[in-house]
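User: I would like to go through this structure and ask what lies behind each term used for it. Please set the values against the definitions as you answer.

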Amino acid sequence: MNIIETAGLGKNYGRTWALRDCTFAMPEGYLAALVGPNGAGKTTLLHLLVGLTAAAAGTATVLGGLPAGSRAALDGIAFVAQDAPVYTNLTAANMIRIARNLNRSFDPPYARARLDELDIPLDRKAAKLSGGQRAQLALTLALARRPRLLILDEPLAALDPLARHDFMGTVLAAVGEDGVSVLMSSHVLAELQRVADFLVLLTKGQVHVADTVEDLVSTHRVLTSPAGSADRVSRKLDVVQDQRGEAQAHLLVKAHGPQHPVPPGWEAHPAGMEELVLAYLRNAGKTGPAAAPSKPTASTGAAR
Amino acid sequence: MGTDKRISGSPVVFRLDHDSGVPTYLQLVHQVEHALRLGYLKPGDQLPKVRDVVTALTIHPNTVLKAYKDLEAKGLAAGRPGQGTFITGTLEPVTLPELAGLRRELLSWLKAADEAGLDEAGVAALLANVTRDYYGGHASRPGNENAGNEGVA
Amino acid sequence: MTALTLATKQNDAARPPRPLPWRRMVLVTWLQHRGVLSGVATLFGALAIYLGIMGLIIHHAWTADMGCHPASSLTCQDLAQSFQTRWHGGATIAFPLQLLPALIGAFAGAPILAREMETGTFRYAWTQGFGRTRWVIAKLALVGGPLVVIAGAFGILAYWYFGPLVAQGPLIPLDPRTFDLECLALPGWVLAAFAVGAFAGMLIRRVVPAMATTMAVVGGLGLAVGLYLRQHYLPPLIIPGANGPVPSAWTLGSWYTGRGGQVVSGYIVNAACPGPGPGNSTPGAPPQCMPQHGYIQWWSYQPASRYWSFQGIEAGGLLLLAILLVVATIWLVHRRAA
């Protein structure tokens, strides 16, 4: 079942299209990283998925077919916006009370237990908590809703390294224990590289990659060849990135099919995640968006 | 700030070396095997809870599960539903004097290799090659996480 | 997945979940806005205590003065007429009270939505299960409602307080200084100011500018109504004569007409038929002067008997304004892209 599915999704602000022709599907059970440079449209996409913004074109459905922003969708998705907004003049205990009243399902003992583990006092006003503590508070309030999908907008951007570590630890523990699917955006790939098993790349408002990490790594290779024969061979392959020296060329190619044909005299290496992501981001303008990059109902994550 | 006083409840605690090029799950497997050899772990001991490993190392829970499954396949551990994963097997213990002896032999081999003109990278490549042949392809396989960090195939 | 589970899932998707009950917003609104609500209640409470004590004193003096026997004696007449000189200070409280609606609109109405927009917490509130439209309706009702009730009670107290000063002077029933503090008008003003504040807050999305705008708009509206609009709620009555309407009426203006009915300037009339000099030093023109020239003085006024009609008209108009603004605010919330 696809936890997120978009078709031709687009959003404009005046004459500028922040998101355009966005089509991808994310199966349930993954921890997805939404990566792209600042201004790529990540926040716009996330806001469309949680109903904070209405689409100007196309559709977005969540939780297996519910329209994004509908009442049923809001029930099953928990969202933490950029800068983790909380009511700063209220205590964590009061925020828990508010959350319990605003939601159909909310687990106050879970929330209090989590905050206790994190040493966040329940009776201190949120304004007096540190940035990391406020982010953890917002995350706890989101997780206590027992959502099927957790969406986080650049949650680590304003946090110091220790706070980032603790925050990700909480997210990962929830993935392990509650089976929640996660979509989190970042403009720094490195922090998500180790933990994400699904990747969505967004540049200039368009989706260039949306696939499981496993599939991405297995379908991409770097072919090293003499520079002379690079042009001839690259015409036959789907080249994502072409790096030339005077005598040598590295082509990052995508295979369409189980075979990985390696021309004679060439070497093939597996492509690293960071290398892959940078290649797509760098060459996004040239290659254009991937056409329907992900199978609509991909196999579940159980086979990992 | 002082020591992190959280005790994991297991005799061992994992650490991670991001720059080593070894896949994460494999590092966990090796640490368990190493601990078994040195006697830190005995049959019946509990391995760290998935939740604790995940919060301490910020890795995906599936990575830990994969490592534990690997250990299960090797007959070294078994999961008890609702309780955790426990050591069930043993490895030939390598005593500390044995370890010291192996270390000495390795050092003299390295000296010989150095005199023959093999540099550090050459030693590493030779070692990777021979270990792969000896253990039959366990260590590096394309499609594993961090596969790209392994460098030249 | 069994067929049974599949069927259940399809049913769930087909039937949207029922909305959460409105009463859940009571605690939410209280926790978020208890400061404002208790602040306003305290302010009104303090003012009510003042009005209560001063009102009792004035009422006591008034009944004492009016109980003077015999009513027609010079001392008693003197007492009745000097009442307003002795107690005119009691009316000065009206000036600070005039500020109440603007202050309430700015401090209670504007921040409700402006703070959520400014701090970004609306991105939290609107993604919870309650839904943004019902959320804003509940908030506005649960904060605005108590404010209107408090203002209504206070308006009745103010009406009682100003009673002796209206009956004996220096005030009149339709007095612009006190009319909008009483009975139906005050809760109307508080409601309208609150609605202006809420709308400004949602439009401007920054707390301090919204508060300033609200005060300016409500203040401006108050001046416009008091100085220009209220006079025209019902067509003014017009009478001729030298003395004008009774003291309790709200005199709006007077003018002269001459032979043939056209308006004549007061200077010309005074030149032809001067009034007595200062301190009666020179006698004025005889009373036949005006009719001989064909001059007539006219007065326009609103009688005191229209007090309740005007209260109703003013409160009704403010209610309509408030409804329009609240609907506009809800529409803005419904439509706002984040």
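**Terms and the values behind them**

Analyst: In chain A, 70% of the contacts between residues at least 6 apart in sequence join residues at least 24 apart. The model is a predicted one.

User: What makes two residues count as being in contact?

Analyst: Their C-beta atoms, placed from the backbone, must lie within 7 Å. Val62(A) serves as an example: leaving aside neighbours within four places in sequence, it is in contact with Ile3(A), Ile4(A), Leu49(A), Ala68(A), Ala73(A), Ile77(A) and Leu149(A).

User: What is the corresponding share for chain B, for residues 24 or more positions apart?

Analyst: In chain B, such residues account for 63% of the contacts with a separation of 6 or more.

User: Why is chain A called as compact as a globular protein of its length?

Analyst: Two values are set side by side. The radius of gyration of chain A is 21 Å, and the globule rule gives 19 Å for 304 residues. The first is close to the second, so chain A is called as compact as a globular protein of that length. Along its principal axes, the C-alpha trace of chain A spans about 70 × 40 × 40 Å. Its secondary structure comes to 11 helices and 14 strands.

User: What share of chain A is buried, and what does a residue need to be called that?

Analyst: A residue is buried if 20 or more other C-beta atoms lie within 10 Å of its own. Of the 304 residues in chain A, 52% are buried. For chain B, 26% of its 153 residues count as buried. The secondary structure of chain B comes to 5 helices and 2 strands, in the pattern α-α-α-β-β-α-α along the sequence.

User: Why is Arg146(A) called partly exposed?

Analyst: Partly exposed lies between the two limits, 20 or more neighbours for buried and 12 or fewer for exposed. Arg146(A) has 16 C-beta neighbours inside 10 Å, so it counts as partly exposed. Arg146(A) sits in the loop between helix H5 (131-143) and strand S7 (149-152) of chain A. Its phi is positive, about 50°, although it is not a glycine.

User: How do you know whether Arg205(C) is buried, exposed or partly exposed?

Analyst: By the count again. Arg205(C) has 18 other C-beta atoms within 10 Å, which lies between the limits, so it is partly exposed. Its phi is near 65°, a positive value in a residue other than glycine. The loop that holds Arg205(C) runs between helix H8 (185-204) and helix H9 (207-229) of chain C.

User: What makes S1(A) and S2(A) a pair of strands?

Analyst: Pairing needs at least two bridges between the strands. Strand S1 (residues 2-13) of chain A is joined to S2(A) by 8 bridges, so the two strands pair; they run antiparallel. Asn2(A), for instance, stands opposite Pro27(A) in S2(A). Both strands belong to an open sheet of 4 strands in the order S2-S1-S4-S5 (chain A), with antiparallel pairing. The edge strands there are S2 (16-27) and S5 (66-67) of chain A, each of which pairs on one side only.

User: Which strands stand at the edges of the sheet in chain C, and why are they described that way?

Analyst: The sheet in chain C is open, with 4 strands in the order S1-S4-S2-S3 and antiparallel pairing. Strand S1 (237-240) and strand S3 (263-264) of chain C have a single partner strand each, so one side of each is left without a neighbour in the sheet. As for the pairing, strand S2 (residues 250-257) of chain C is joined to strand S4 (residues 296-302) of chain C by 7 antiparallel bridges. Tyr256(C) has Gln297(C) in S4(C) as its bridge partner.

User: How do you know which chains touch?

Analyst: Among the 2 pairs of chains that touch, chains A and C have the most contacts. Their contact takes 25 residues from chain A and 23 residues from chain C. On the chain A side, H3(A) gives the most, with 5 residues. By class, that side has 13 nonpolar, 7 polar and 5 charged residues. Chain B and chain C do not touch: their nearest C-alpha atoms are 23 Å apart.

Key: Residues numbered from 1 in each chain as written. Chains lettered and ligands numbered in written order. Predicted model: local features only at pLDDT ≥ 70, side-chain atom pairs only at ≥ 80, totals over all residues. Nonpolar A, V, L, I, M, F, W, Y, C, P; charged D, E, K, R; others polar. Rg over C-alpha atoms; globule rule 2.2 N^0.38 Å.
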